[in-house]
Amino acid sequence: MSVYLDHNASSPLHPDVLEEMLPFLSGAGGNPSSLHQSGRFLRSALETARQRVAALINADPAQVIFTSGGTEANNLALKGMLPLGPQTCIVSSQVEHASVLQPLIQAAAAGCRTELLAVTEQGVIDIASASRVIDELQPDMLSVQMANNETGVIQPLAELAALAHRQVSTLVHSDATQAAGKVEVDMQQLGVDLLTLSAHKFNGPQGCGALVVKNQRIQNPLLSGGPQESNRRAGTENVALLVGMGKAAEIARIKLQEKQAYLLELRRFFEQRLDGIPGVHIFSSEVERLPNTSFFAIPYYHGETLLMQLDQAGFELASGSACHSEVTRPSHVLSAMAVPEELALNAVRVSFGMENTRQQIEQFVETLNGLINQLPAAMRQVIG
Ligand SMILES: Cc1ncc(COP(=O)(O)O)c(C=O)c1O
C-alpha cells in the first residue's frame with residue numbers, strides 16, 4: 001500500500017463517517033421531502049447534518065445550503081447572488097481555485113467588471129493594494145479564499161472583509177474549502193457573508209458541500225425545480241452523503257486542536273528533513289500556512305518526473321503544475337507569486353493527514369534522497 005500524502009486533493013473517509021452513512025445507503029429509503037414516516041426520518045437526519053455543518057463554522061443552520069461540493073458552492077456564490085451584467089463588479093484574487101476563476105471569466109463575458117487582487121512573493125494578498133482596489137471600485141462582491149490549496153497560505157480574510165464592509169453594499173464570499181477542518185473557521189469572527197465548504201477535504205464523502213449564506217437572497221439559483229433547500233437549490237438532497245458530511249463536520253470541530261497540533265508537528269519534522277536536500281525551495285515558508293501543507297521544489301528535478309518516480313516508490317503526492325494538451329504549465333498560483341517558470345515547473349505538494357506518521361516521513365525523505373543520488377552528479381551540481 002502506498003503512503004498517501006495528498007490530503008488537499010481529497011482526504012480519506014473517516015471510519016465513523018462511513019458507519020453513520022451506511023444505514024442510509026443500505027436501508028432507509030424514501031425522500032426527505034415526503035411527509036410520511038420514512039420521509040420525516042430522512043428530513044430529521046438531514047437537519048442534524050445541517051446543524052453539525054453550521055456548528056463547524058459558527059453559523060445558523062438555516063444559512064446552510066447543501067450542494068454537490070465546493071465547485072457548485074463557489075459557482076452559486078459568484079453567479080447566484082448578483083445580477084450578471086455591466087452594473088456588477090466583483091473583486092477576487094489571482095490565486096483562487098478554478099471553481100472561482102472560471103465563473104469570474106463567465107461573469108466578465110456577461111459584462112461584469114472583474115478584478116483580481118495581486119499577491120506578494122509569499123502568496124499573501126497585499127492589504128494595502130487590496131484597500132486601494134476596493135476603495136476605487138466599490139465592488140458588489142469580494143471573493144477571497146481562506147486558504148490556498150497549493151501553498152496552504154492563509155489569507156488575511158478578516159482584515160479584507162473589514163475593508164470590503166467599509167463599502168456598505170459589498171458582499172464578502174470566501175472559499176474555505178481547504179481551511180475547514182484544518183484551521184478554525186468562524187463566520188462571525190471573519191465577518192464574511194458567504195462561505196464555501198467541501199466535505200471530502202475534511203474526511204467526509206466526495207460529491208457534497210455547502211454554500212453558507214448569511215441573510216442574503218439567492219437571486220439566480222443554479223438549479224431550478226422543486227423547493228428543496230428553502231428554494232435555494234432544487235433537487236432531492238443526497239441524504240447519505242450529507243449525513244456523512246454532518247458527521248465529518250462534527251468530528252472536525254471536536255478534534256480541530258488535536259489535529260492541528262499533530263499536523264503542524266509532522267510538517268515541521270518533514271521540512272527540517274527536507275532542508276537537508278541541496279537547493280530545495282519551500283514556497284510560502286515565511287507566512288502563515290495550513291498546518292498540513294508543504295509545497296516545495298528541487299531546482300534540478302522536474303516536478304512531474306519526481307511525482308511519478310515517487311509514486312512508483314510508493315508515495316502519492318501532487319505536482320504543482322497543470323498539464324494542458326500535453327504542454328506542462330506552471331501553476332497560476334506560483335506565477336502570481338512571481339516564481340520563475342523553471343522553478344515553478346519543479347513544484348510538488350505534500351499534504352498530510354492524521355494517518356501519516358513520522359516514520360512515513362523518514363521513509364519518504366530517504367526515498368527522495370535516493371532518487372536525487374541517482375541523478376547524474378553533473379546535473380545536481382550544475383543546476384543545483
Ligand atoms: C480551494 C478549493 N476550492 C474549491 C475546490 C472544489 O471542491 P470540490 O472538489 O468539492 O468541487 C477545491 C478542490 O480541490 C479547492 O481546493
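## A ligand shell and two open sheets

The residues of the shell around the ligand divide into 12 that are polar, one that is charged and none that is nonpolar. This description rests on a predicted model, in which 13 residues surround the ligand. Beyond the ligand, the briefing turns to an open sheet of seven strands and to an open sheet of four strands, together with helices that pack on them.

**Around the ligand**

- Among the 13 residues that surround the ligand, the closest are Gly69, Gly70, Thr71, Asn149 and Ser198.
- Helix α3, which covers residues 70-80, supplies the largest share of the shell around the ligand, namely three residues.

**The sheet of seven strands**

- Strands of a sheet pair through backbone hydrogen bonds, and this pairing can be either parallel or antiparallel.
- In the open sheet of seven strands, the order is β2-β8-β7-β6-β5-β3-β4, and the pairing is mixed.
- Because β2 (64-67) and β4 (113-117) stand at the edges and each has a single partner strand, one side of each is left without a neighbour in the sheet.
- Averaged over this sheet, and with direction ignored, neighbouring strands are turned by 20° against each other.
- The edge strand β2 runs antiparallel to strand β8 (residues 209-213), and four bridges join the two; within this pairing, Thr67 stands opposite Gly209 in β8.
- Helix α4 (residues 98-109) packs on the sheet, where it touches β3 (89-93), β4, β5 (141-143) and β6 (171-175), and its direction makes about 150° with that of β3.
- Helix α6, made up of residues 157-165, lies across β5 and β6 and runs at about 160° to β6.

**The sheet of four strands**

- The open sheet of four strands follows the order β9-β10-β15-β12, and its pairing is antiparallel.
- Here β9 (281-282) and β12 (318-319) stand at the edges with a single partner strand each, so one side of each is left without a neighbour in the sheet.
- Strand β12 pairs with strand β15 (residues 347-351) in the antiparallel sense over two bridges, and the bridge partner of Ser319 in β15 is Val348.
- Helix α9 (residues 239-274) packs on this sheet by touching β9, β10 (293-297) and β15, and its direction makes about 15° with that of β10.
- Helix α10 (residues 303-312) also packs on the sheet, touching β10, β12 and β15, while its direction makes about 45° with that of β15.

How values were computed:
Residues are numbered from 1 along each chain as its sequence is written. This is a predicted model: local features need pLDDT of at least 70, side-chain atom pairs count only at pLDDT 80 or more; totals for chains, interfaces and linings use all residues. A residue is near a molecule or strand if its C-beta atom, placed from the backbone, lies within 6 Å of it. Ala, Val, Leu, Ile, Met, Phe, Trp, Tyr, Cys and Pro count as nonpolar, Asp, Glu, Lys and Arg as charged, and the others, Gly among them, as polar. Two strands pair if DSSP finds at least two bridges between them. Axes are lines fitted to C-alpha atoms, for helices over the stretch in contact, and angles run from 0 to 180 degrees between N-to-C directions. Two residues are in contact if their C-beta atoms, placed from the backbone, lie within 7 Å.
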